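Okay, thanks everyone, let me put the structure up on the screen. I'll keep this short.

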Amino acid sequence: MKNVSRLLPLLSGIITLSGCNHASQKNNEPNGLKPNIIYIFADDLGIGDLSCYGATKVSTPNIDRLAGQGVQFTNAYATSATSTPARFGLLTGMYPWRQENTGIAPGNSELIIDTTCVTMADMLKEAGYTTGAVGKWHLGLGPKGGTDFNSRISPNAQSIGFDYEFIIPATVDRVPCVFVENGHVVNLDPNDPITVSYDHKVGNWPTGEENPELVTLKPSQGHNNTIINGIPRIGWMTGGKSALWKDEDIADIITHKAKNFIASHKEEPFFLYMGTQDVHVPRIPHPRFAGKSGLGTRGDVILQLDWTIGEIMHTLDSLHIADNTILIFTSDNGPVIDDGYQDHAYELLNGHTPMGIYRGGKYSAYEAGTRIPFIVRWPAKVNPSKQQALFSQIDVYASLASLLNQPLQQGAAPDSQEHLNVLLGRSNTDRDYVIQQNLNNTLAIVKGQWKYIEPSDAPAIEFWTKMELGNDKKPQLYDLSSDPSEKTNVAGQHPDVVKELSKLLENERKR
């Protein structure tokens, strides 16, 4: 919602968004009346990566325990098959394809959520919550024109509803390789300023392209710019040596910051939005996990992710607030195996199937692109169950607002629907339909047994990862009830269904 004037044509019929720059009114109700809320986004985690979803080659006991104590969804979707738009959709309650600049953000992108947008964090602040964002961000920082990492960065996460931020600006395979806390690069020496570019080389730091002999993790494709910790990244960086992270410590640092936020706000209702690095590339497990999975480093960082979830659960238990905490665990999009580095992920799969039975993966319009693990635990109010209802992450916003009897401001969360009873496992009523988005902004729609993918002239295969993108010049229709793996396009046999779903998708696009 970067620019209200630009969005109005996209959101015809929706009144200009109310601002979220006003002072939030804290609600003084006792904490016992309001659950704490933790939303954890794993990164590039597949529905086949967890033992509670049927994985047999890797064990995830902490996430399994979370699932056993909560509602485990089998038919939940992210809005998008890549990181930035999926996170945008969750926090804004608006489909990211309605806004132009929601593709995969570079590390020096401006904040792509306009500060006038009433985000989910804004809504929860208005409901009396202290809010924090910890971990992967990937929604841009700073003003239009790019981020200055050498002074206070504004706007930032605090500008769109978060009281506290400790974040990775973009992805770990992109520069700058630093943490940002409340608008400032952590441990930055002002005498060693940071320069970042995604257009050309800056400074004289070695790159993977020019100095391959200095690389400890070789790129398989792309990823051949500035070398940090022996790993070549996307983009060029110089300066900020004292602020650089060590990759093997990222999970520990993020988890520590999340635990501190929880402990610091245990006496008041809090909302923690947590983005893990795992299992995104580069996959650099802490030595505690290195070599432990038998599936290479991708398997090792799944174990590391499971440890992270276990640490959050243990913290809630030790503070005696687990019963009144809604803990949501999911992934931003589907899995990818080789995503830029020679980490032998394919060779060491050993029969492991990150995509499960589904076709495609990250970047794709096929099911594995957006059908993700999704688990909700709230011991005081939610009975453990398996949830087969059709559900979208975009509905978390409106559903939590309903739970808290918090009215949505006019124009806020325009695509988010209230499905609280489904979220809490009290109903198994399907969403009418779910819309998916791939790397090329090709849209698909799932309604009942049917899945329709609109025609597209975009490439069928992603150049770097060789992932099937689901793009085809002809319409595609799959009967997911009998063909969940999308092997047979039945558009020719069901022209009436194609017509109905294409019309529905077009109406949604115009809405």
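I'll go through helix packing, then empty space, then a few backbone oddities. One thing up front: this is a predicted model.

Let's start with helix α6, residues 296-318. In general, two packed helices are described by the angle between their axes and the distance between the axes. So, what are those values for α6 and helix α5, which covers residues 250-264? Their axes come within 10 Å and cross at roughly 15 degrees. With angles under 35 degrees counted as roughly parallel, α5 and α6 are therefore roughly parallel to each other. The crossing, where α5 passes α6, is right-handed.

Who touches whom? On the α5 side you've got A251, D252, T255, A258, K259 and I262. On the α6 side, look for Q304, W307, T308, E311, I312, T315 and L316. Sort the residues of that α5 contact with α6 by class and you get six nonpolar, four polar and three charged.

Now swing round to the other partner I want to show, helix α2, residues 61-68. Here the axes of α2 and α6 come within 7 Å, and they cross at roughly 55 degrees. That angle makes α2 oblique to α6. From α2, the contact uses P61, N62, I63, R65 and L66. From α6, it uses L305, D306, W307, I309, G310, M313 and D317. The class split for α2 with α6 is seven nonpolar, two polar and three charged residues. Keep an eye on W307, by the way: W307 turns up in the contact with α5, and W307 is also in the contact with α2.

Okay, empty space. Rolling a probe the size of a water molecule over the atoms shows where empty space is left. How much space lies in the largest pocket? About 360 Å³. Its lining has 20 residues, and R174, H223, I234, Y363 and W464 are the ones that lie nearest the pocket's centre. By class, the lining of the largest pocket comes out as five nonpolar, nine polar and six charged residues.

What about closed-off space? The count is four cavities of 30 Å³ or more, and the largest cavity holds about 70 Å³. Lining that largest cavity are V172, D247, I250, A251, Q277, D278, P282, I284 and Q304. Five of those lining residues are nonpolar, two are polar and two are charged. Here's a nice link back to the helices: A251 and Q304 both line the largest cavity, and A251 in α5 and Q304 in α6 are also on the list for the contact of those helices.

Last bit, the backbone. Which peptide bonds are worth a look? The one from S154 to P155 is cis, with omega near 0 degrees. P155 sits in the loop between β4 (130-136) and β5 (164-168). Then there's D278 to V279, also cis, with omega near 15 degrees. V279 is in the loop between β12 (270-275) and α6, and D278 is one of the residues lining the largest cavity.

Two positive phi values to finish, both in residues other than glycine. N350 has phi near 55 degrees, and N350 lies in the loop between β13 (325-331) and α7 (367-370). K466 has phi near 65 degrees, and you'll find K466 in the loop between β19 (450-453) and β20 (476-479).

That's me done, thanks.

Definitions and conventions:
Residues numbered from 1 in each chain as written. Predicted model: local features only at pLDDT ≥ 70, side-chain atom pairs only at ≥ 80, totals over all residues. Heavy atoms only, no water. Axes fitted to C-alpha atoms, helices over the stretch in contact; angles between N-to-C directions. Helix = DSSP H or I, 4+ residues; strand = E, 2+ residues; numbered from the N terminus. Parallel < 35°, antiparallel > 145°, perpendicular 65-115°, else oblique. Left-handed = near helix turned anticlockwise from the far one by under 90°. Contact = heavy atoms within 4.5 Å. Nonpolar A, V, L, I, M, F, W, Y, C, P; charged D, E, K, R; others polar. 1 Å grid on protein atoms, 1.4 Å probe; cavity = no way out; pocket = protein on both sides within 12 Å on 5 of 7 lines; lining within 4 Å. Points joined across faces, edges and corners; volume = space filled by probe spheres on them.
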